[in-house]
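Welcome to a small set of exercises on one protein model. Keep the viewer open, try each task yourself, and then compare your route with the worked solution.

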Amino acid sequence: MKAILYGIGLQFKLDIRSKTLLVTCYLVPLLFFMIMSGIFTSLMPDATQTLIQSMTIMGVSMGALIGVPPSMVEIYSTNIKKMYSANNVPLYFGIFTIVISAFIHLMIMSFIIFIAAPIIFHASTPENTPLYFSTLALFIIVSLSISCVLGLAIKNQAKLTMFSQIVFLPSIMLSGIMFPASFLPDLLETIGKIFPATWGYTLLCQLDINFFTFIPLLIIFSISFILILLLLKKAQSES
């Protein structure tokens, strides 16, 4: 347990010093929040009703899908992986520490938006706060599971950046946070349901617990978890 806590603490400190994590988990999401919130509330006064949810979905998606995968590559595509094997450290240890650290950073960023939006833009706060943060935690975990798949499957940084963007951009454009998903053609609306951002936005906006809306995220997480196990097994055989 001490080793796990030490690893999480070390990874958290490394992430704080990481320019990539700083930009993708804090600077860009919060800058986007400040600029776009002003635009949204000026053009569409009703946007204040879901401003916190939409800006949080964008921030979490960026931090998880663009910020985390490079950290995975730094471990599993370098000599660090060999050091894990040489010292009998399970390969999943790197994933565990990265995910926990990223989860904390994304929660902090989301909490900043949750506090700042009502003060600066008079945004409405979610009526069911415990439900909001519970579903937010689930959405972050699912998003991080996808980032783990990307980081383990793609070992080249240039290709990883491209594939991360391929997942991130449709997640934002088709999720309904920029404009109602019902405005999209039926095909694009259906494609949008593949990405966790669409379901995360639905969950964050709901007032009561509806277990059926959790099913898509749980399916996405289950598929990602299986892929992570397979990719770890492959990495183990290569070390």
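Helices (H or I, at least four residues) and strands (E, at least two) are taken here as DSSP runs, numbered from the N terminus. This is a predicted model, in which local features need pLDDT of at least 70 and side-chain atom pairs count only at pLDDT 80 or more, while totals for chains, interfaces and linings use all residues. Residues are numbered from 1 along each chain as its sequence is written, and side-chain values use heavy atoms, with hydrogens and water left out.

**Exercise 1. The overall fold**

Task: find how many helices and strands the protein chain has, and describe its burial and contacts.

Solution. Start with the secondary structure: the protein chain holds eleven helices and zero strands. Along the sequence, the pattern therefore reads α-α-α-α-α-α-α-α-α-α-α.

Next comes burial, where buried means under 20% relative accessible area, exposed over 50%, and partly exposed in between (1.4 Å probe, protein chains only). Of the 239 residues in the protein chain, 49% are buried.

Finally, take contacts, meaning heavy atoms within 4.5 Å. Among contacts between residues at least 6 apart in sequence, 78% join residues at least 24 apart.

**Exercise 2. α3 against α10**

Task: work out at what angle the axes of α3 and α10 cross, and which residues meet.

Solution. First check α3 by itself. The expected span of a helix is 1.5 Å times one less than its number of residues. With 17 residues, α3 reaches 23 Å from its first C-alpha to its last, close to the expected 24 Å. Its cover is easy to state: 17 of its 17 residues are buried.

Now the geometry. Axes are lines fitted to C-alpha atoms, for helices over the stretch in contact, and angles run from 0 to 180 degrees between N-to-C directions. The axes of α3 (residues 51-67) and α10 (residues 196-205) come within 10 Å and cross at roughly 145°.

Last, list the partners. On the α3 side are Gln-53, Ser-54, Ile-57 and Ser-61, and these meet Ala-197, Gly-200, Tyr-201, Leu-204 and Cys-205 in α10. By class, the contact has five nonpolar, four polar and no charged residues. In this scheme Ala, Val, Leu, Ile, Met, Phe, Trp, Tyr, Cys and Pro count as nonpolar, Asp, Glu, Lys and Arg as charged, and the others, Gly among them, as polar.

**Exercise 3. α7 and Val-142**

Task: compare the span of α7 with its expected value, then place Val-142 among its contacts.

Solution. The 25 residues of α7 (residues 129-153) should span 36 Å at 1.5 Å a residue, and the end C-alpha atoms are 36 Å apart, so the two agree. In α7, 19 of the 25 residues are buried. At the N-terminal end, Asn-128 acts as a cap: one of its side-chain oxygens lies 3.2 Å from the backbone nitrogen of Leu-131.

Val-142 sits in α7 and is buried because its relative accessibility is 0%. Setting aside neighbours within four places in sequence, Val-142 is in contact with Pro-196, Leu-217, Ile-220 and Phe-221. Its C-alpha is 8.2 Å from that of Ser-224, 82 residues away along the chain. For Ser-222, 80 residues from Val-142 in sequence, the C-alpha distance is 9.0 Å. Ser-222 belongs to α11 (residues 215-238) and counts as partly exposed, because its relative accessibility is 38%.

**Exercise 4. Buried or exposed?**

Task: decide whether Thr-24, Leu-31 and Ser-110 are buried or exposed.

Solution. Thr-24 lies in α2 (residues 19-43); with a relative accessible area of 7%, it is buried. Leaving out residues up to four places away in sequence, Thr-24 touches Pro-29, Gly-59, Met-62, Gly-63, Ile-66 and Gly-67.

Leu-31 is also in α2, but at 52% relative accessibility Leu-31 counts as exposed. Ser-110, in α6 (residues 92-121), is buried at 1%. Beyond four places in sequence, Ser-110 touches Thr-56, Val-60 and Leu-136.

**Exercise 5. A backbone angle**

Task: find where His-122 lies and what its phi is near.

Solution. His-122 is in the loop between α6 and α7. Its phi is near 55°, a positive value in a residue other than glycine. For background, most residues other than glycine have a negative phi. As for the surface, His-122 is exposed, at 64% relative accessibility.

Technical notes:
A polar contact is a pair of N or O atoms within 3.5 Å; within protein, one must be able to donate a hydrogen and the other to accept it, and residues adjacent in sequence count only if both atoms are side-chain atoms.
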